[in-house]
Amino acid sequence: MLSAFALSSPVLAGALASLCAGLATALGALPILFIRKLSEQAQDVMLGFAAGVMLAASFFSLIIPGIDVAQEQGATKLGAVLLVIAGILFGAASLWLVHRYLPHEHFIMGRQGPDAPRFRRIWLFVIAITLHNFPEGLAVGVGFGGDDPGKAIALAIGIGLQNMPEGLAVAVALLSLNYGRGQAFFVALLTGLVEPIGGLLGAGAVTVAQSLLPWGLAYAGGAMIFVISDEIIPETHRRGFENHGTVGLMIGLVVMMFLDVMLG
């Protein structure tokens with residue numbers, strides 16, 4: 001059904017799919033209303049799973065299709081590869097600039113960026129989580145703006161799957177800072193609601209100008225890879241449970257690869 005809808009209205013399909021993927025964050029955070037603590041090993045496995053899904057999605061659903069689309073639009077093989085490389089680096093550089101100049105806070109490393117005493121701690125967390133989730137929504141939207149709904153659906157499902165453990169990990173992290181259960185769940189919900197914004201922007205941009213599709217795919221892939229390397233993997237290696245995080249990453253990677261091949 002979503003595949004047929006994407007062909008008739010890719011912008012709305014991209015927004016709807018990214019909304020569903022974003023709401024999976026809240027779904028994953030639901031157990032926080034009934035449990036008080038989650039082991040650090042389990043948190044690192046879940047974060048690793050999220051990294052694995054995002055890593056596979058970056059290549060199988062964004063970067064490789066971006067090269068294919070560029071060639072279909074008339075670029076040579078070399079030109080297509082160089083175009084996608086530029087898009088990847090631009091996406092990563094954009095996230096680096098946001099991290100460098102926008103106040104935000106990591107769960108373990110603490111506050112980074114310019115000092116912003118007027119920001120309440122909880123909003124610094126919301127900004128940090130937004131940095132994680134916006135590229136995911138953008139990626140889903142760009143996928144539906146293209147002409148392969150199967151890959152777009154696979155990407156949306158994969159992002160939703162990785163959002164569930166991510167939502168639980170976010171809520172648990174907030175609990176460890178003495179936030180209430182309801183407040184932790186609400187913040188996790190907010191983190192998912194930024195994804196349809198990215199989805200709408202991504203689908204709208206590439207629908208209006210199809211020539212932007214390979215750039216959009218590569219940009220979203222580069223942004224996601226930056227988040228994986230700069231945020232998620234370091235978090236899974238910081239508490240001495242890097243093997244747990246690696247296992248989660250490998251599971252997430254093969255799950256997303258399976259979804260992409262079977263649904264793509």
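Trainee: How are H3 and H9 oriented to each other, roughly parallel or roughly antiparallel?

Mentor: In this predicted model, helices H3 and H9 pack with their axes 8 Å apart and at an angle of about 160°. Angles over 145 degrees count as roughly antiparallel, and the angle for this pair is about 160°. H3 and H9 are therefore roughly antiparallel.

Trainee: Which hand does the crossing of H3 and H9 have, and which hand does the crossing of H3 and H4 have?

Mentor: Where H3 passes H9, the crossing is left-handed. H3 also packs against H4, at an angle of about 135° and with the axes 8 Å apart. The hand of the crossing in which H3 passes H4 is right-handed.

Trainee: Why are H3 and H4 called oblique to each other?

Mentor: The angle at which H3 and H4 pack is about 135°. Roughly antiparallel would need an angle over 145 degrees, and roughly perpendicular covers 65 to 115. Because an angle of about 135° falls in neither range, the term that applies to H3 and H4 is oblique.

Trainee: What is the angle between H4 and H9, and how far apart are their axes?

Mentor: Helix H4 covers residues 77–101 and helix H9 covers residues 213–236. The two are oblique to each other, and their crossing is right-handed. H4 and H9 pack at an angle of about 45°, and the distance between their axes is 7 Å.

Trainee: Which elements give two or more residues to the nonpolar patch, and which of them gives the most?

Mentor: The patch on the surface measures about 740 Å² and is made by Phe59, Phe60, Ile64, Val254, Met257, Phe258, Val261 and Met262. Two or more residues come from each of helix H3, which spans 40–72, and helix H10, which spans 242–263. The element that gives the most, with 5 residues, is H10.

Trainee: Is Phe60 buried, partly exposed or exposed, and what is its relative accessibility?

Mentor: Phe60 belongs to helix H3 and is one of the residues that make the nonpolar patch. Buried requires a relative accessible area under 20%, and exposed requires over 50%. Phe60 lies between these cut-offs and so counts as partly exposed, its relative accessibility being 30%.

Trainee: Is Asn243 buried or exposed, and what separates its C-alpha atom from that of Val45?

Mentor: Asn243 lies in helix H10, and because its relative accessibility is 61%, Asn243 counts as exposed. Along the chain, Asn243 and Val45 are 198 residues apart. In space, the separation of their C-alpha atoms is 8.7 Å.

Trainee: Where is Thr191, and how far is its C-alpha atom from that of Gly167?

Mentor: Thr191 is in helix H7, which runs over residues 181–193, and with a relative accessible area of 1% this threonine is buried. Gly167 stands 24 residues from Thr191 along the chain. Between the C-alpha atoms of Thr191 and Gly167 the distance is 8.2 Å.

Trainee: Is Gly158 buried or exposed, and how far in space is Gly158 from Val140?

Mentor: Gly158 is placed in helix H6, residues 149–176, and counts as buried at 1% relative accessibility. In sequence, Gly158 and Val140 are 18 residues apart. Taken C-alpha to C-alpha, the distance in space is 9.9 Å.

Trainee: How many helices and strands are in the protein chain, and what share of its residues counts as buried?

Mentor: The protein chain contains 10 helices and 2 strands, and from the N terminus on its elements run α-α-α-α-β-β-α-α-α-α-α-α. The protein chain has 264 residues, and the share of them that counts as buried is 52%.

Methods: Residues numbered from 1 in each chain as written. Predicted model: local features only at pLDDT ≥ 70, side-chain atom pairs only at ≥ 80, totals over all residues. Heavy atoms only, no water. Patch = residues over 30% accessible without salt bridge, like charges linked within 9 Å, V, L, I, M, F, W, Y side chains within 5 Å. Areas by Shrake-Rupley, 256 points an atom, 1.4 Å probe, with all protein chains shown as cover. Salt bridge = Lys/Arg side-chain N within 4 Å of Asp/Glu carboxyl O. Helix = DSSP H or I, 4+ residues; strand = E, 2+ residues; numbered from the N terminus. Buried < 20%, exposed > 50% of the residue type's maximum accessible area, 1.4 Å probe, protein only. Axes fitted to C-alpha atoms, helices over the stretch in contact; angles between N-to-C directions. Parallel < 35°, antiparallel > 145°, perpendicular 65-115°, else oblique. Left-handed = near helix turned anticlockwise from the far one by under 90°.
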